[in-house]
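Hi everyone, thanks for making room for me today. I'd like to walk you through one structure and its cysteines, so have a look at the screen.

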Amino acid sequence: MDTIFDIYLLEAIVNGVLLGGVLGLLALGLNLVFGVIDVVWICYAELVMLGMYTVYFLHVVYGVPVLLACLGAVVVVGVLGALLHYLVIRPVLQSEPINQLLVTGGVLFFLQSFATLVFGIEFRNLGLKLPILNFGEMYFSYARVLAFLVALAGMVGLYLFLTRTFLGTAIRAIAQDREIMPLMGVDSRKLYLVTSGIGGGLAGLAACLLVLQYDVHPAIGLTFGPITFMICVLGGLGNMIGGFVAAFIISQFISIGGFFFHIEWGYVIAFAFFILTMFIRPQGLFGK
Amino acid sequence: MRLGFPARVSVLAGALVCGSALSAAADIKIGVIYDLTGPFAGGGSKAAAIGTQIAIDMINEKGGVEGHKIIPINADAQSKADVAINEAERLLNQEKVDLLMGVYSSAHCVPLAQKVDAAQKFFWANVCVASAVFKDKNLKYVFRPQVHSDQFGEASCKFLAEVAKPKMKKEVKDLKVAIIHEDGPYGVGVAQGNEEVCKELGMQVVLKEGYSASSADLSSLVTKLKRARPDVILHTGYNPDITLFLRQSREGGLRFDAMIGHGAGYGQIDKLIETFKDDVNYFYNVDPVAAQLLDAKSLKPGIGDLTAEMIKRYKAQTGVQEVPPHTSMGFNQTWIFLSDVLPRAIKKYGGFDAEALRKAALETNIPEGGTIQGYGVKFNPPGHKMAGQNALSSPVVMQYVKGETKIAWPTGLRTIDPVIPLPKGHAYAR
């Protein structure tokens, strides 16, 4: 056993934590939108894909510095999030949940096809070589460490926004009771629009960190969409802390499970845990 | 108006002549299936589709096949097996194509081949390589001139056995190899060939593991490889997973003496260089050779001109300078079918239905040097465990050196003295 519990296991654990940061950041925006508007954006990962393309085109094609390009992506995807709400969600807000789900599913295919037509099928990347972080025999991805830190900062920033600002308080209030708040004079339509913009902005932020680690192509959303959705459900749909914790649980299953067994077993164990949790707590780990 | 007997005979005769002329000029509809969208499109499928289209264009420009114009009905499998199968059914049942051709992914090829064969329709596989398409299936109407995955696995191990002592200063039995692969029929097939042959040659297989091509994270695989410390990594994958693996390997501090890829994503040298620049210098790729790398003098007269024309048209169409092996695969198999099998089916067997095409395919006998990729074509007969697979096809081991592709194995075709292990200073060198 002494060969199993070694420095490489520690590396796998830390890599799991870093992966958790990436997945946690992805779950953040989706949870915010669901928590407030009660609509699941099935097309969330496709917004991330568009954000990745934004960074790519701004930086590689138009020569905009990476940081500015990322800022641009946050703004662009934020606007797209607001547009998604205004054009697609708002007309079906009073419809059955299944209709809302299907309409965002339709947007998913629309965005994938749109990206294929407009950007082509090529795999694109920033071509950046980030420095490598190593401690003795352990090596870590700089991009992952950055993603982890930004995810934490995003979480804290969102928490402060929701608890310390008037707008944030209004968003929390409407999330608690969507029926009563409009009767008290709160403009729910405006709040939904702002929330969708923030949700989109968080997708844009995730895009900035993913584009440092992955090639962008029209189908990249398929890599992250299902697992992000699963994490949100596991943590309790709409619960941001729950989503964050669930991201770290799932990522540890993937990383350590994949280290001890065949790499695909990591996913099998993670999904088995998810199914088991759904039997025991259908509302998710932190859901009410 | 009532026609007299002579007039009726004339009309009837005229109708027969016209009918015969029409049937002689009837178009041949070929359902061409490739992944034009989704991750496989950029992994070589689109390049193969262009190769196929170039071959069809060139044949049609010469008047078609025995007077028949070739009409391709293109279908996009969208990098999804279910779509590939649905499109095949649509092409056969609604478009009423005379045969199917193409298919990039082995994951699509395996179920599609069985389905088409069961329906007694003809399928000419151009790019997919999994041996599982044919092994012990005894297919009657499916043929593949392309190399198969067992040969991929074999080529890399035999190459390593040859260079272990003189280049790596190691006995073959001391050579440690790790086999990693995407877990579809293509990756599994090649990895199986790798394992069998490398073990047979006495090498140590220190790790063998598959993963999903759409995996979001391969860092635990990188960590395991670091622990296993292989000298050589034998990798089979598509495009997004290869770039993810190489990126995470570099960031994870993985070091090795050689990386040998097996087609698909590793065949896309321009994409690899665009992403990794010098980091992929001296990497190897096992694939059917890109036709432009072969010395035209070693081929039958006129074959080199075909290659030149294909390259010219591909560059004009895409604007790229480095033509991937997939273009040669798409072109070559299509050309073999249109210039050898189809004319024989029409002339000798009276048409181009599945039975005529099957008989004509079984009589194919193109000697080595008779195709743009160098290999000959002769299909294994019914009853053979690989019935329908070309028995004369063979891959080569190529090495990427400063953006150029060189042939490292077989020794007789070498255009470079292989560089192995990776030189000091290389991003992945030990």
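Let's start with a word I'll use a lot: a residue is buried when its relative accessible area is under 20%, exposed when over 50%, and partly exposed in between, using a 1.4 Å probe and protein chains only. With that rule, 60% of the 430 residues of chain B count as buried.

Now, the small print. This is a predicted model, where local features need pLDDT of at least 70 and side-chain atom pairs count only at pLDDT 80 or more, while totals for chains, interfaces and linings use all residues. Residues are numbered from 1 along each chain as its sequence is written, chains are lettered from A and ligands numbered from 1 in the order in which they are written, and side-chain values use heavy atoms, with hydrogens and water left out.

Okay, chain B. It has 12 helices and 12 strands, where helices (H or I, at least four residues) and strands (E, at least two) are DSSP runs numbered from the N terminus. As for contacts (heavy atoms within 4.5 Å), take those in chain B between residues at least 6 apart in sequence: 70% of them join residues at least 24 apart.

On to the disulfides. How many disulfides are there over all chains? There are two, counting a pair of cysteine sulfur atoms within 2.5 Å as a disulfide. And in case the word is new, a disulfide is a covalent bond between the sulfur atoms of two cysteines.

One of them joins B:Cys109 and B:Cys128, with the sulfur atoms 2.0 Å apart. B:Cys109 sits in helix H4 (residues 106-118) and B:Cys128 in the loop between strand S4 (123-125) and strand S5 (142-143), so this pair ties together parts of chain B that are 19 residues apart in sequence. Both B:Cys109 and B:Cys128 are buried.

Then there's B:Cys157 with B:Cys198, also 2.0 Å from S to S. The torsion about their S-S bond is about -90°, so this disulfide is left-handed. It links distant parts of the chain, from helix H5 (residues 149-168) to helix H6 (residues 185-200), 41 residues apart. B:Cys157 is buried at 0% relative accessible area, and B:Cys198 is buried at 0% too.

Finally, chain A. Why is A:Cys43 not bonded to A:Cys232? Its closest cysteine sulfur, in A:Cys232, is 13 Å away, so that's too far for a bond. A:Cys208 is in no disulfide either, with the nearest cysteine sulfur, that of A:Cys70, 3.5 Å away.
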